[in-house]
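Trainee: I am new to this structure. Please take me through one part of it closely, the pocket and the helices around it.

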Amino acid sequence: MTASPEGHLVVVSGPSGVGKSSILAGVLEASHAVFSTSATTREPRHHEVDGREYHFLDRDDFEALIEEGDVLEWAEYGGNLYGTLRREVEPLIAAGSDVILDIENEGAKQIRSSYPSAVLVFIRPPDLDVLHRRLTERGDTSSRDIERRLSVAKAQVDEAPAIYDHIVLNDDLDTAIGRVIDILSSLSDDGR
Ligand code: 5GP
């Protein structure tokens with residue numbers, strides 16, 4: 001009897017404000033891929049629901065999960081911890097589902113070394129002015145935080161070609177969604 005093929009691990013990264021959430025919403029609607037809900041110590045934004053956008057944890061609980069080996073990768077970003085929970089990923093991959101992680105560069109590098117077969121996608125903004133405008137219009141981030149996110153964004157964009165398998169420009173939402181869906185489809189065609 002042949003074991004059923006495992007699913008793929010797909011990292012979708014990109015700077016804050018690049019439009020990742022909209023792209024991922026479109027991709028998840030149009031494919032069978034599932035989203036891994038990360039854990040974070042950041043405060044929820046007004047529209048966010050615990051267990052949907054993130055599992056919101058306090059620092060002690062987050063650190064306990066790391067200690068117990070329950071976190072696949074984690075990083076500190078903007079003074080908060082963010083991490084992928086094993087239980088959000090491993091059973092689904094084993095059952096044949098493709099799992100999408102929305103994580104930043106440090107996490108993407110950890111995934112690259114622990115899951116060499118993972119596919120890493122970076123969403124790139126047309127330029128940093130667009131990011132500045134989107135973060136300001138979103139209205140849920142303080143101006144100090146916006147400045148910090150912009151300087152991280154610049155570093156992320158500069159570093160991306162060395163880390164990622166695919167770089168997708170988001171100057172048009174539907175085109176960007178289509179490119180990510182094409183990347184997912186090409187994985188199912190790879191015969192694994
Ligand atoms: P935000 O606070 O805007 O939701 O996310 C800030 C950054 O943390 C984003 O770049 C996002 O991709 C990243 N992030 C979210 N979840 C994880 C995670 O589980 N691990 C890592 N390494 N980064 C994450």
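Mentor: Start with the labels: helices here are DSSP runs of H or I with at least four residues, and they are numbered from the N terminus. Keep in mind that this is a predicted model.

Now the pocket. The largest pocket has a volume of about 930 Å³. It is lined by 35 residues. Those closest to its centre are K20, S21, R45, Y54 and D102. Which element gives the largest share of the lining? Helix α1 does, with 6 residues. Other elements join in. The strands β5 (71-77) and β6 (80-85) each supply at least two residues of the lining, and so do the helices α1, α5 and α6. By character, the lining divides into 11 nonpolar, 11 polar and 13 charged residues.

Next, follow α1 to its partner. Helix α1 covers residues 20-30, and helix α7 covers residues 173-188. The two pack at an angle of about 50°, with their axes 9 Å apart. That angle makes α1 oblique to α7. Their crossing is right-handed. On the α1 side, the contact uses S22, I23, G26, V27 and A30. On the α7 side, it uses L173, A176, I177, V180, I181 and L184. The residues of this contact divide into 9 nonpolar, 2 polar and no charged.

Turn to α5 and α6, which also help line the pocket. Helix α5 spans residues 128-138, and helix α6 spans residues 143-163. Their axes come within 10 Å and cross at roughly 150°. Angles over 145 degrees count as roughly antiparallel, so α5 is roughly antiparallel to α6. The crossing of α5 with α6 is right-handed. From α5, the contact takes L128, L131, H132, L135, T136 and R138. From α6 come I146, E147, R149, L150, A153 and K154. Together the residues of this contact divide into 6 nonpolar, 2 polar and 4 charged.

Helix α6 has another neighbour, α4. Helix α4 runs over residues 105-114 and packs on α6 at an angle of about 10°. The axes of α4 and α6 lie 11 Å apart. The small angle counts as roughly parallel, because the limit is under 35 degrees. Here N105, E106, A108, K109 and R112 of α4 meet Q156, E159 and I163 of α6. The residues of the contact of α4 with α6 divide into 2 nonpolar, 2 polar and 4 charged.

To recap: α1 gives the pocket lining its largest share and crosses α7 obliquely. Helix α6 also adds to the lining, and it packs with α5 and with α4.

How values were computed. Residues are numbered from 1 along each chain as its sequence is written. This is a predicted model: local features need pLDDT of at least 70, side-chain atom pairs count only at pLDDT 80 or more; totals for chains, interfaces and linings use all residues. Side-chain values use heavy atoms; hydrogens and water are left out. Axes are lines fitted to C-alpha atoms, for helices over the stretch in contact, and angles run from 0 to 180 degrees between N-to-C directions. Angles under 35 degrees count as roughly parallel, over 145 as roughly antiparallel, 65 to 115 as roughly perpendicular and the rest as oblique. A crossing is left-handed if the near helix is turned anticlockwise from the far one by less than a right angle, and right-handed if clockwise. Contact means heavy atoms within 4.5 Å. Ala, Val, Leu, Ile, Met, Phe, Trp, Tyr, Cys and Pro count as nonpolar, Asp, Glu, Lys and Arg as charged, and the others, Gly among them, as polar. On a 1 Å grid over the protein atoms alone, a cavity is a set of points where a 1.4 Å probe fits but cannot get out, and a pocket is an open set with protein on both sides within 12 Å along at least five of seven lines; lining residues have an atom within 4 Å of a point. Grid points are joined across faces, edges and corners, and a volume is the space filled by probe spheres set on the points.
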